[in-house]
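Reader: Could you walk me through how the protein meets the DNA here? I'd like a close look at that part, strand by strand.

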There are 2 protein chains.
Amino acid sequence: MKNATFEAALSQAAAALAGTGTRKGERLHDRILNKIGQSIVSRELTPGDQLPNAEEWSAAHGVSRTVLREVIKVLAGKGLVEARPRTGTCVRPRSFWNFLDADVLLWRYGPDTTAEDARSLFELRRAIEPAAGALAAQRATPEQIGDMRKALEQMRASGDDGARFAVPDLVFHQTLLRMSGNELIGSLAALTETALLISFRLTDDNPAGQAHSVALHEQVLHNILAADPAATSAALVVLLDLAEEDVRRSLEARLLGQTVLSH
Amino acid sequence: MKNATFEAALSQAAAALAGTGTRKGERLHDRILNKIGQSIVSRELTPGDQLPNAEEWSAAHGVSRTVLREVIKVLAGKGLVEARPRTGTCVRPRSFWNFLDADVLLWRYGPDTTAEDARSLFELRRAIEPAAGALAAQRATPEQIGDMRKALEQMRASGDDGARFAVPDLVFHQTLLRMSGNELIGSLAALTETALLISFRLTDDNPAGQAHSVALHEQVLHNILAADPAATSAALVVLLDLAEEDVRRSLEARLLGQTVLSH
DNA sequence: TTTCATTAATCATCATACTATTGGCACTGC
DNA sequence: GCAGTGCCAATAGTATGATGATTAATGAAA
């Protein structure tokens, strides 16, 4: 039971990385939630205008009002919609949406990703992870260090198999966030997960080789063990630069491929 | 209608700063949501153990099962609980909670705040706001600059009236986040709001004088106008250091006051 | 034109019935 | 004694009809 959190994180990661496929036991509620959530985030439903009234809308989706109401309440909790009597339910302006919510992130960065999207993810990661690393160098617990070590081992063992590499990579970064000892920072795990999900999807058909990446990750742990905040931050900046560059290259390659194909 | 977003932000800010008081038209749903959310976050209900079944529990709160179910679904959407047939509903481990959600933040940092709590808020702000400032120096739109200017004017006009100062202060920082042109960063507005709410509550009975603070804020805008990312970041670091120092001092003073009183 | 009561549309809430899922238990067969 | 199997009951999930509360829009009256 020592590494229960580690195993939980891994299984969670695996499930997330498995893709959008229907998770076992996906309830009706979740199906509709994802459906409507996605249609809002993907701009099918634009902010400002009313949604159909609950009666018709639930019928349109083939579910009861109960289910639809619960979905609307959850969406309201994430800032996407607002329901008022007489006026009906409407989509709120984008600035109210909680993009850091795991579901919203998935809807936003789900199907296909542009270079612009990737940029915004990395801008935030570049602000967070170096700061988290600096705190980690001062606060990491032995258990967390064990978790990170294990993740590194699995990364090494993965060779150039992108699919095997992805999960321990994610665990590494999530462990880093937890090491900061700051729950608020820990809640940004979903962000990292989304970024890695995108990286994984893109580099899947365009493997870049992870040997260099592993060395950089090892450098991070090394600096944490040395309790050197500045060096840990610096190592993470280098790591993120590389990761973003990889994603950028993959996006270009993919775009080029499409252009070639369309000729 | 030019500054619609600005006015919206201000009214929103005012409502938030007005305190926890019953907002007009607070629905039953919200009352129960806050009640249960708070009792989870404040550790009255500890992670792992089951919640009463929906039937009894709704009766205990004097509401129908429908309302309670909607509340549970929303809490599940924020990562606080998980519901499964047969097993019932249970509180999830803290690491799953989305602390960056506006409601969760309010529950977490609501009633009274320790120095530890304030620290975690400022750790994250210190990672985010300088980064946002650097981006703002490259991307701020004329309209956003106008908003920030207006906020500064109101701050100047407030003198040492803490209550009048708070709202434009909040608007200033939220505008800064929006200037980054990154929606993910914009979603951290709730974080800033919570931090300022705490500052406001503490410094209310221990006014520190805001003249110096205004000068620092002006410096930030000056650097944004000069399109100087590094200088903007640096100015924000100074600003945050001062703000955190103020909070720390206020907490100490308050603690000391209590000690004296208890004699 | 302004004011203000009326109205109708919509969400909010409740109560109840039925379905689906699943952990645990008893029973079976070896 | 043990493993496997199938049934049972507790619980959340879903559906539906009725009623209350809120408020934008309407239109009559001042």
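What follows is a tour of the two DNA strands and the protein around them.

Author: Sure, with some ground rules first. This is a predicted model, so local features need pLDDT of at least 70 and side-chain atom pairs count only at pLDDT 80 or more, while totals for chains, interfaces and linings use all residues. Residues are numbered from 1 along each chain as its sequence is written, chains are lettered from A and ligands numbered from 1 in the order in which they are written, and side-chain values use heavy atoms, with hydrogens and water left out.

Let's take DNA strand C. There are 22 residues around it, and A:Ala54, A:Arg69, A:Arg86, B:Leu28 and B:Ser64 come nearest ("near" means that a heavy atom of the residue lies within 4 Å of the strand). Look at which DNA atoms are involved: of those of strand C within 4 Å of the protein, 73% belong to sugar or phosphate, and the rest to bases.

Now for some polar contacts (pairs of N or O atoms within 3.5 Å; within protein, one must be able to donate a hydrogen and the other to accept it, and residues adjacent in sequence count only if both atoms are side-chain atoms). B:Leu28 has a polar backbone atom 2.7 Å from a phosphate oxygen of strand C. B:His29 also uses a backbone N or O atom, 3.4 Å from a phosphate oxygen of that strand. With A:Asn53 it's an N or O atom of the side chain that sits 3.4 Å from a phosphate oxygen of strand C.

Which elements supply at least two residues each to the surface near strand C? From chain A they are helix H4 (65-77), strand S1 (81-84) and strand S2 (88-91), and from chain B helix H2 (28-41) and helix H4 (65-77). (Helices, H or I with at least four residues, and strands, E with at least two, are DSSP runs numbered from the N terminus.) H4(B) gives the largest share, 3 residues.

On to DNA strand D. Again 22 residues surround it, and A:Leu28, A:Ser64, A:Arg65, A:Thr66 and B:Arg69 come nearest. Sugar and phosphate make up 62% of the atoms of strand D that come within 4 Å of the protein.

A:Ser64 places a backbone N or O atom 2.7 Å from a phosphate oxygen of strand D. B:Arg69 has a polar side-chain atom 2.7 Å from a phosphate oxygen of strand D, while a polar side-chain atom of B:Arg86 lies 3.2 Å from a sugar or linking oxygen. The elements giving two or more residues here are helix H2 (28-41) and H4 of chain A, plus H4, strand S1 (81-84) and strand S2 (88-91) of chain B.

As for composition, the surface near strand C has 7 nonpolar, 7 polar and 8 charged residues, and the surface near strand D has 7 nonpolar, 7 polar and 8 charged. (Ala, Val, Leu, Ile, Met, Phe, Trp, Tyr, Cys and Pro count as nonpolar, Asp, Glu, Lys and Arg as charged, and the others, Gly among them, as polar.)

Finally, the two protein chains. Rotating by 180 degrees, with 0.0 Å of shift along the axis, superposes chain A on chain B with an RMSD of 0.1 Å (a least-squares fit on C-alpha atoms of residues with pLDDT of at least 70 in both). The two copies are thus related as by a two-fold rotation axis.
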